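The following exercises concern strand pairing, burial and ligand contacts. Each task is followed by a solution in steps.

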Amino acid sequence: MVLSTCGSFDVNFVQDLHCVFCDSLYPARVLSTCPRCGITGILDVEYNYAAIARSLTRRTLAERPERSHWRYRELLPIGEGSALPALSVGWTPLTLAPSLARHIGLRMLFLKDDGRNATGSLKDRASAIGVVKAREKRHKIIACASTGNAASSCAGMAASMGLRSVIFLPERAPEPKVTQLLIFGATVLRVRGSYEQAFQLCQQACERWGWYNRNSAINPYLVEGKKTVGLEIGEQLEWQPTDWVAVSVGDGCTIAGVWKAFREMKALGWMARTPRMLGVQAEGAAPITTAFRTGAPLEPIEPHTIADSIAVGVPRNWKKAVLAIQESDGAMVNVSDDEILDAMRYTGRLSGIFAEPAAATAVAGLRRAVAEGTVGRRASAVAVITGNGLKDVRSASAAVGTPFDISPDGAELQNILQAKDLIMAEAS
Ligand SMILES: *Cc1c(COP(=O)(O)O)cnc(C)c1O
């Protein structure tokens, strides 16, 4: 097992934990939710930004060799000299997509390809923090309930760190994600029921057997890992953010993390203005959009969408997500499953990036927001591609159909190539 440590990192800049519901402050020892509010009391990690600004500047950052999210270690809640997983996380490409921009009617569009993370999704950013915290607390087992990506990243990071993993999955998790888990040596428990039921079972098992709980919605440290995708977007855009950043929303941790990153970059004086957040949900799983629009507390729903990674009926982190969108002067839109499948197709064809349904959701949302006038045609945007399309090939196949089956003598070749406009029809 190879472990690397951050050479010069010997200070932890975490100041306290702040409850987003009742505003209580706690020392950084408290593990999951606010003791006063219970399970709904989501905590947020606060840092000593004045101290961070003294050691971390745009210039010192530019000189850092790490091509991973550990380049932002001062802004992460990890202890001094903590062991880090050897598996690389973050510093994924930010790619300009001009044809796709034209197609959806935007002046400028970038794709942040987080499907390129070690296990193929943005969740690696959170799981990497999870295994570091588990090790700091001397746990040997880490557990997680997930619709798929959090699980596969948890299992992969655990394998990289020499920890064992126990995973609770809902029944409908896509097969490729389940296979990833088994390859990474996780103990995989497929719960005959919903994500919510898998989540409850995982909570109980962690309490009973004392395992480290990676469930990111209620673990305040994990969402800090998701924040790094926003920090990278800021740095890769050379501190000139786009007008909008579009993120698909399930539990709400990712969009809250991305917004926190921009808030921090502004607080540290690295960035003069912040982008507006566009939160995108699937029509059949949109309780956060409803809470955002009505201003009422979240009403749980029964989720129905092909985008399994955002099929969350009881999002734990809805409050942080709603606050992020409000503070950024952002917006929320819902898209149908057909719009999601369509976005998988045109994103692949016009950019070469293969997005899983929940990732293509961000692109579909941008397209709809432009069509509805929420996002202006002169605007620039980043769409965060949160997971790789190979993780759910069945949905992808539904979007694109099948290849042409031809005989080895090539008899059908000419007709097919003509039909596809790849060659000119021959004069007969
Ligand atoms: C988890 C996930 C999301 C949504 O993140 P939340 O923190 O649950 O809002 C979006 N896309 C993919 C691919 C994911 O795995």
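**Exercise 1. Identify the bridge partners of tryptophan 244 in β11 and in β13, and describe how the strands concerned are arranged.**

Step 1. In β11, tryptophan 244 has arginine 276 as its bridge partner. The model is predicted: local features need pLDDT of at least 70, side-chain atom pairs count only at pLDDT 80 or more, and totals for chains, interfaces and linings use all residues. Residues are numbered from 1 along each chain as its sequence is written, and side-chain values use heavy atoms, with hydrogens and water left out.

Step 2. Five bridges link β10 (residues 244-248) to β11 (residues 276-282) in the parallel sense. Strands are DSSP runs (E, at least two residues), as are helices (H or I, at least four), numbered from the N terminus; two strands pair if DSSP finds at least two bridges between them.

Step 3. Between β10 and β11 the chain passes through helix α9 (residues 253-267), and this β-α-β crossover is right-handed. That term applies if, with the strands pointing away from the viewer, the path from the first strand over the helix to the second runs clockwise.

Step 4. In β13, the bridge partner of tryptophan 244 is alanine 381. β13 (residues 380-385) runs parallel to β10, joined by three bridges.

**Exercise 2. Which residues of β10 are buried on each side of the strand?**

Step 1. Trp244, Ala246 and Ser248 are buried on one side, and Val245 and Val247 on the other. Buried means under 20% relative accessible area (1.4 Å probe, protein chains only).

Step 2. Accordingly, five of the five residues of β10 are buried.

**Exercise 3. Describe the surroundings of the ligand and its polar contacts.**

Step 1. The ligand is surrounded by 16 residues (a heavy atom within 4 Å). The closest are Lys123, Gly250, Asp251, Gly252 and Thr386.

Step 2. Consider pairs of N or O atoms within 3.5 Å. A polar backbone atom of glycine 252 is 2.8 Å from a ligand oxygen atom, and a backbone N or O atom of cysteine 253 lies 3.1 Å from an oxygen atom of the ligand. Threonine 386 places a polar side-chain atom 2.7 Å from a ligand nitrogen atom.

Step 3. The ligand taken alone exposes 380 Å², of which the protein buries 96%. These areas follow the Shrake-Rupley method with a 1.4 Å probe.

**Exercise 4. Why is one side of β2 and of β3 left without a neighbour in the sheet?**

Step 1. The open sheet has three strands in the order β2-β1-β3, with antiparallel pairing.

Step 2. β2 (25-26) and β3 (43-47) are at the edges, each with a single partner strand, so one side of each lacks a neighbour in the sheet.

Key: Buried < 20%, exposed > 50% of the residue type's maximum accessible area, 1.4 Å probe, protein only. Polar contact = N/O pair within 3.5 Å; in protein donor to acceptor, adjacent residues only side chain to side chain.
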